[in-house]
Amino acid sequence: MQAYIEQLQRHLKMRKYSPKTVQAYSRYIQEFLINAPSPLPPEKEIIFSYILQKNALAAQSVNVRIQAIKYFYTHILETPLPFAIPMAKRPGRLPSILSRAEISTILGVIKNPKHRLLIALAYGAGLRVSEVVHLRVKDIDFSEQLLFLKKTKGNKERRTILPAALCIELQRLLVGTTQDSHVFVSERGGGLTTRTAQAIFLEACKKAEICKAVTFHSLRHSFATHMLEDGVDIRFVQELLGHKHIRTTEQYTHVTNPMLRKIQSPLDRK
């Protein structure tokens with residue numbers, strides 16, 4: 001089994017898959033191989049039995065396991081599956097959005113200036129938690145007010161906007177740093193961890209008495225929604241977010257339709 005896992009990891013790294021994907025695929029294939037017969041035939045029963053064991057998991061988790069199995073059979077065993085594996089249907093949930101007033105309240109309760117800047121930049125530039133903690137000084141172009149993001153989700157690069165309102169505060173924070181320094185440095189040195197950034201955000205939400213279910217990613221959802229509310233073309237929003245498909249960006253149009261707010265309930269009609 002270990003030889004398969006090592007071969008899988010080498011192949012994924014050679015094809016420039018992200019460390020998270022390498023880790024996830026390795027774990028899921030190891031999980032799959034524990035109860036699988038050897039040698040491993042491309043049989044429906046073996047694969048479907050494993051997938052059904054994971055049926056209680058979220059659809060996205062099930063689908064990543066399916067993708068890992070397909071990759072393993074195709075590239076490591078060199079035996080592409082002669083049958084289709086149906087992907088788990090993902091529930092059509094709307095993204096959790098913070099209002100502008102809620103964003104303002106959250107920023108207002110954060111006393112640590114660096115932490116407040118971290119949350120403000122994540123919202124103001126539409127960044128994922130991994131993107132904001134890995135941001136380096138050389139990724140910031142103050143003259144053009146742009147951020148250059150490298151090795152984002154899917155190992156892609158993209159540009160997004162740098163809020164003018166944060167430029168002076170950012171420049172103060174970066175005094176004495178080198179181009180390779182992390183923008184947000186931990187007390188131990190090096191960049192903050194994603195877990196720390198998430199904890200900062202959730203603690204701020206608690207202090208701000210935000211009752212809705214939100215995560216750090218809600219800042220990015222809110223950025224997209226508020227941009228569309230301000231009339232920014234959806235194609236520009238797609239580019240700023242780094243979405244491959246416009247359909248991904250279109251989910252925000254379901255929560256930002258201003259016409260819905262003008263519709264009066266029959267209960268309110270006199």
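Start your tour by selecting Arg100: this residue is partly exposed, with a relative accessible area of 38%. Here buried means under 20% relative accessible area, exposed means over 50%, and partly exposed is in between (1.4 Å probe, protein chains only). What you have open is a predicted model, where local features need pLDDT of at least 70 and side-chain atom pairs count only at pLDDT 80 or more, while totals for chains, interfaces and linings use all residues. Residues are numbered from 1 along each chain as its sequence is written, and side-chain values use heavy atoms, with hydrogens and water left out.

**Stop 1: Arg100 and its partner**

Keep Arg100 selected and add Asp230. The two side chains meet in a salt bridge (3.0 Å, N to O); the term stands for a side-chain nitrogen of Lys or Arg within 4 Å of a carboxyl oxygen of Asp or Glu. Arg100 sits in helix H5, and Asp230 in the loop between helix H10 (217-229) and helix H11 (234-241), so this pair links distant parts of the chain, 130 residues apart. Helices (H or I, at least four residues) and strands (E, at least two) are DSSP runs, numbered from the N terminus. Is Asp230 buried or exposed? At 52% relative accessibility, Asp230 counts as exposed.

**Stop 2: a buried pair**

Now select Arg158 and Glu131, whose side chains meet in a salt bridge of 2.7 Å, N to O. Arg158 lies in strand E3 (residues 158-161) and Glu131 in helix H7 (residues 129-134), so the pair ties together parts that are 27 residues apart in sequence. Arg158 is buried, with a relative accessible area of 8%, and Glu131 is buried too, at 6%.

**Stop 3: two loops joined**

Next, pick Asp180 and Lys138, another salt bridge (2.8 Å, N to O). Asp180 is in the loop between helix H8 (167-173) and helix H9 (194-207), Lys138 is in the loop between H7 and E1, and the two are 42 residues apart. Asp180 counts as partly exposed at 46% relative accessibility, and Lys138 is partly exposed with a relative accessible area of 42%. Before moving on, add Glu229 to your first pair: salt bridges that share partners join Arg100, Glu229 and Asp230 into one network. How many salt bridges are there by this rule? The count comes to eight.

**Stop 4: Phe142**

Go to Phe142, in the loop between strand E1 (140-141) and strand E2 (146-149). Phe142 is partly exposed, with a relative accessible area of 25%. Which residues does Phe142 touch, not counting residues up to four places away in sequence? Select Leu162, Cys167, Leu170, Gln171 and Leu174 to see them. Contact means heavy atoms within 4.5 Å. For a distance to try in the viewer, Phe142 and Tyr123 are 18 Å apart in space, C-alpha to C-alpha, and 19 residues apart in sequence.

**Stop 5: Arg90**

Arg90 is found in the loop between helix H4 (59-76) and helix H5 (100-109). At 53% relative accessibility, Arg90 counts as exposed.

**Last stop: the whole chain**

Zoom out to see the full chain, with its 13 helices and three strands. Its C-alpha trace spans about 65 × 60 × 35 Å along the principal axes. Of the 270 residues, 40% are buried. Among contacts with a separation of 6 or more, 62% come from residues 24 or more positions apart.
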